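Visitor: I should be grateful for a close look at one part of this structure. Please take me through the nonpolar core and then through the places around it, step by step.

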Amino acid sequence: MADQHPSSQCGCGSGACGNGGSAKPSPASIQFKKPASAPAKSAVPAAAAPPSRRQFVGGALRGAFLFVLGAATSLIARVSQKERTVWQIDPTKCIACTNCANHCVLTPSAVKCVQQYPICGYCKLCTGYFEPEPNALNTAAENQVCPTGAIERRALEDPYYEYNIDEELCIGCGKCVVGCVVFGNGSFSLQIRHDRCVNCNECAIAMVCPADAFVRVPASQPYLLKTREKQG
Amino acid sequence: MNARGQFPIHNLQFSILNSLAPLLRVLLLLVVLLSPLATFAAERFPPPEFEPGTYTMPPTTTPPPRLAVMEIVDVAVLLGALSLSTYGVLVKRSRRHVFWVMVFSLLYFGFVRQGCVCSIGSIQDVTLALFDKSYAVPVSVLLFFLLPLVFTLFFGRSFCAAVCPLGAAQDIVTWKPIKLPVWLEHALGVIPFLYLGAAVLFAATGTAFVICEWDPFVAFFRRGGSFKMLALGAGFLAVGLFIGRPYCRFLCPYGAILSVLSRFAKWNVTLTPDDCLKCQICDVACPFGAIAEPDEAAPPKPRPGFGRLVVLGTLTLLLMAGGAWLGGRLGLPMSKLNRTVSLAERIAAEDSGAIKDVNDASKAWRALGKPAHELHAEALRVRGQFRFGGLLLGAFVGLVIGAKLIGLAFAHPHDVYEPNLANCVACGRCYSYCPKVLVAAKRSEKKEMPRPTAA
């Protein structure tokens, strides 16, 4: 079936088309051809070229494009990374400016507050939990810093309290982080949660982060948590 | 037994804190306003040592990122979708086949992968990797950029037909498409090249990933986003009801690259198996204005000669020069979008007293304690990049417009309806409309029924 027509364009290449095993004929079994170009006399040779010339030029350009693509690929492949990386917030640089809550491509943001229990002081008057001048040290919403009430306060032995983040509610605004870092141990810090982050190639929050706190870290160690030895 | 006895200082601090609550507010305000946070974090309250067995410290949860193998799955799905789409477009010639591949792509690349990674955006990754040696582009992203290009070079725009989730979203809503005037189609067709050039400039300078930022459908794919983006997406879909695939045709920068490559594709969309009847049905069936009408038959217009080529070539050069001049002038204002430049300008304005207060960025920068001249040197370097890049961008735009004019003047003469290979997104709608195809299918059905194995 191939080459019945010099400019045969059956669409499937070289004789691979046809019905295969199916009994029902499909339009694929029809020979499709490109309409022959009208013969025209012109001073511009390329425009009035016969199909063979056109095909030759097309093939040459195709080869050239492939060459350029291959060259670019090899160039980039040389610098392409061996290890996968993901975005993370460096807590030593983060200033908890609220951009994380507002600029992530996800709503709510993939950034959440993370409680690092080993360095938490378990304070009764937690400045990450309470407004600067609380009416009372209880769990009333008016006393809380968190706009969504995402921090749970749980009494342990007197005078200690445990503070947990309900990530379903946390929007990553960092208000509690400010309170905790300024007056407390800084056990609250903002981190990108990788169960939510879609790992955009150019993180939308990183583009607006005023403190350059967004860094790429190896995917094998995707969090930058504070420890007692290494504080922010 | 109690912890109180062990930490008298701790409790002392508590009582002080409680009694000094009014002062606390003022202090907090002062500290927050005057200082970056990082320097103040310290272990002020030593963590209590609970009696063993009385308290178990909850672990700090660290949900892991997506598995690395999933990137390979993505590339495999892309390859599979490209192959299936190409098969549907060129071999099976079935709109239904293309349609279902398209639905799959919309679901997988759109809603499951939430529109990322996509080939359109990968332009920027590849650009940034070429210009910024410290930026390492993932191999999967590189393949997302490359595979559709190679496929297009051989099989036409089968990527646009059924693999791109953005195209699929618009293709599905195409309801009552109107045919745009040819002049408008040509004029708007220049915009994707402009957009491409601008996106490359912004990516190369590390300023922004414009294409991703203004991806109209990503808010739908992620089922959430800013009002601006949702409105933009809804706008494109609403326009798409009446103007087929508006983003693909008049904005998509990747489509601009593919339209160039598609012209040289080895195999591509074809309309009719034998002589065209000029019934115009395919033209009416195409929602994207991608069927080239035949030139008026009589009298045959003389082909434009060498003289016109010289005139248009000169015009192109003039356009490029003008574009370069304009682009060079626009480089400076464009550079203000770069973070380094805007920060340096802000710092300079604050230092000179033109601006009294500080913002987050300048406060954070000052906390680093780096010398200002380093920042200014970096900003000047980026500005230089923008000036030169703007020059090139302007020249590129001039070249595109000039090439468009030359292409129009020296259009390949044809006397039948045929697909415009640059614009055709290979959706396959026209296949089932051509009467010649229907007749040939009938004929081959009669002829080939007795023998199931075809030649």
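Guide: The account below begins with the core and then turns to salt bridges, a surface patch and two loops. Please keep in mind that the model is predicted.

The largest nonpolar core holds 85 residues. Those with the most contacts inside this core are Leu78(B), Val89(B), Phe109(B), Ile120(B), Phe159(B), Tyr247(B) and Tyr254(B). Helix α7 of chain B, which covers residues 139-155, gives the largest share of the core, namely nine residues. Two domains of chain B contribute to this core: domain 1 (69-294 + 420-448) and domain 2 (306-409) both give residues, so the core lies between them.

Tyr254(B) offers a detailed view of the packing. Leaving out residues up to four places away in sequence, Tyr254(B) touches Ser119(B), Ile120(B), Ile123(B), Phe144(B), Phe145(B), Pro148(B), Leu149(B) and Phe159(B). Two of these partners, Ile120(B) and Phe159(B), were named above among the core residues with the most contacts. There is also a second, separate core, which has 41 residues and includes Cys94(A), Ala110(A), Cys176(A) and Ile192(A).

Charged side chains form another layer of the picture. Over all chains, the count comes to 18 salt bridges. One of them joins Arg66(B) to Asp74(B), with the closest N and O atoms 3.2 Å apart. The two partners differ in their surroundings: Arg66(B) is partly exposed, with a relative accessible area of 27%, whereas Asp74(B), at 3% relative accessibility, is buried because this value falls under the 20% limit.

A further group of salt bridges involves helix α19 of chain B. Glu350(B) and Arg346(B) both belong to this helix, which spans residues 339-352, and they stand four residues apart, about one turn of the helix. Their closest N and O atoms are 2.8 Å apart, and the two residues form a salt bridge. Glu350(B) counts as buried, at 10% relative accessibility. Arg346(B) also meets Asp357(B) in a salt bridge, at 3.7 Å from N to O. Arg346(B) lies in helix α19 and Asp357(B) in the loop between α19 and α20 (360-368) of chain B, so this pair ties together parts that are 11 residues apart in sequence. Asp357(B) is partly exposed, with a relative accessible area of 49%. Arg346(B), Glu350(B), Asp357(B), Asp351(B) and Arg366(B) are linked in a network of salt bridges.

The surface of chain B has a nonpolar part as well. Leu67(B), Val69(B), Ile72(B) and Val73(B) make a nonpolar surface patch of about 360 Å². Leu67(B) is located in the loop between α3 (21-34) and α4 (69-91) of chain B, and this residue is exposed, with a relative accessible area of 57%.

Two loop residues complete the view. Gln114(B) sits in the loop between α5 (95-112) and α6 (119-131) of chain B, and at 17% relative accessibility this residue counts as buried. Apart from neighbours within four places in sequence, Gln114(B) is in contact with Leu106(A) and Val198(A) of chain A, and with Phe109(B), Val218(B), Phe221(B), Arg222(B) and Arg223(B) of chain B. Thr98(A) belongs to the loop between β1 (85-89) and α2 (99-103) of chain A and is partly exposed, at 30% relative accessibility. Although Thr98(A) and Cys173(A) are 75 residues apart in sequence, their C-alpha atoms are 4.6 Å apart in space.

Methods. Residues are numbered from 1 along each chain as its sequence is written. Chains are lettered from A and ligands numbered from 1 in the order in which they are written. This is a predicted model: local features need pLDDT of at least 70, side-chain atom pairs count only at pLDDT 80 or more; totals for chains, interfaces and linings use all residues. Side-chain values use heavy atoms; hydrogens and water are left out. Patches are made of residues with over 30% relative accessible area and no salt bridge: like charges are joined within 9 Å, nonpolar side chains (Val, Leu, Ile, Met, Phe, Trp, Tyr) within 5 Å. Accessible areas come from the Shrake-Rupley method with a 1.4 Å probe; for residues, only the protein chains shown count as cover. A salt bridge is a side-chain nitrogen of Lys or Arg within 4 Å of a carboxyl oxygen of Asp or Glu. Buried means under 20% relative accessible area, exposed over 50%, partly exposed in between (1.4 Å probe, protein chains only). A nonpolar core is a set of buried Ala, Val, Leu, Ile, Met, Phe, Trp, Tyr and Cys residues joined through side-chain atoms within 4.5 Å. Domain bounds come from an automatic or database domain assignment. Contact means heavy atoms within 4.5 Å.
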